[in-house]
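Biologist: I would like a close look at one part of this model, the annotated binding site and what surrounds it. Please take it residue by residue.

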Amino acid sequence: MLFDTHVHLNAEQFNEDLQDVIDRAIAEGVTNMVVVGFDEITIKKAIELAESYDFLYASVGWHPVDAIDLTQEHLDWLKELASHPKVVALGEMGLDYYWDKSPKEIQKEVFRKQIRLAKEVQLPIIIHNRDATADIVEILKEEDAGEVGGIMHCFSGSVETALECIEMNFYISLGGPVTFKNAKKPKEVAEAVPLDRLLVETDCPYLTPHPYRGKRNEPAYVKLVAEQIAELKGLTLEEVADETAKNAKKLFGIK
């Protein structure tokens, strides 16, 4: 039983063979997935997919790269969608200092607004972080985001930061990079973080794990992530798969 907590099956890369991709995931033991929407187009598609498949759920939020495009109407829409029975989280949200489309101050403001909305509607949040760890941690603390908790998506930081986030009621989610030979930090995090605070994800179609690196990622490959974590922790694949799936269901409120 594998739960891929972060997929973008709503991306155009899956337009041609979506059902085949889903079938391959099921064949590899993936029982649930959360389709993440991060702008108007991807949110609509995430909801549509969650409504079409029992085992798919949706998360809705506004990506920091596009923070400059967020309107009050969008925020009101996110609040409305939060009551949808298949919406289990808000996000992805956060800060991205790699791309410069949206100024940092606007990103921070939009991030804070979404955290406050999550607390209002009582949904966990999915955090996107690129080159902005210190500011993300500071904002999560200042906004008391631990009230709802959530996921540090595709975590790439240090063990110290991971443990700090766990203290704030966040789960650490690992993806394809933990399988890369030269990825020291994700491997250290996989070893150090208690299994009851770990999640697995693909972030497909991005961040494809070894040995498929460079090709399109898909949910079936979340098994490779779980296998790598199992190896690092001296556990079986079944133990990692079952425990991370249990963690995801607890966080998302899925029976």
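At 3.0 Å, with which side chain does the side chain of histidine 6 make a polar contact?

Modeller: The partner is the side chain of glutamate 92, at 3.0 Å. A polar contact here is a pair of N or O atoms within 3.5 Å; within protein, one must be able to donate a hydrogen and the other to accept it, and residues adjacent in sequence count only if both atoms are side-chain atoms. Before going on, note that this is a predicted model, in which local features need pLDDT of at least 70 and side-chain atom pairs count only at pLDDT 80 or more, while totals for chains, interfaces and linings use all residues. Residues are numbered from 1 along each chain as its sequence is written, and side-chain values use heavy atoms, with hydrogens and water left out.

Histidine 6 and glutamate 92 both fall under the UniProt annotation "binding site", which comes from an unreviewed entry and also covers His8 and Asp203. These residues are spread over 198 residues of sequence, yet they cluster in space, with a largest C-alpha distance of 11.1 Å. His8, Glu92 and Asp203 are included in the lining of the largest pocket. A pocket is found on a 1 Å grid over the protein atoms alone, as an open set of points where a 1.4 Å probe fits, with protein on both sides within 12 Å along at least five of seven lines; lining residues have an atom within 4 Å of a point. The UniProt positions are in the numbering used here, feature names are shortened, and an annotation may be inferred rather than shown by experiment.

Histidine 6 itself sits in strand β1, residues 2-7. Strands (E, at least two residues) and helices (H or I, at least four) are DSSP runs numbered from the N terminus. Its relative accessibility is 1%, so histidine 6 counts as buried; buried means under 20% relative accessible area, exposed over 50%, and partly exposed in between, with a 1.4 Å probe and protein chains only. Beyond four places in sequence, histidine 6 touches Val34, Val36, Ile126, His153, Glu201, Thr202 and Cys204, among others, and also the annotated Glu92 and Asp203. Contact means heavy atoms within 4.5 Å.

Histidine 8 follows in the loop between β1 and α1 (18-27). At 3% relative accessibility, histidine 8 is likewise counted as buried. Its side chain has polar contacts with the side chain of histidine 6 at 3.3 Å and with that of aspartate 203 at 3.1 Å. Outside its neighbours within four places in sequence, histidine 8 is in contact with Phe14, Val36, Phe38, Glu92, Asp203, Cys204, Pro205 and Tyr206.

Aspartate 203 brings in the loop between β8 and α8. It is buried, at a relative accessible area of 8%. Its phi is positive, about 60°, although aspartate 203 is not a glycine. In the loop that joins β8 (198-200) to α8 (222-233) lies proline 205 as well, and the peptide bond leading to it from cysteine 204 is cis, with omega near 15°. Proline 211 also has its place in the loop between β8 and α8; a cis peptide bond, with omega about 10°, joins it to histidine 210.

Two residues touched by histidine 6, Val34 and Ile126, are among the 15 residues of a nonpolar core that also includes Ala248 and Phe252. A nonpolar core is a set of buried Ala, Val, Leu, Ile, Met, Phe, Trp, Tyr and Cys residues joined through side-chain atoms within 4.5 Å. That core lies apart from the largest one, which has 73 residues; of these, Leu9, Ile125, Leu140 and Ile172 touch the most other members. Isoleucine 125, for its part, has contacts including Leu90, Met93, Ile115, Leu140, Ile151 and Phe170. In soluble globular proteins, nonpolar side chains tend to be buried together.
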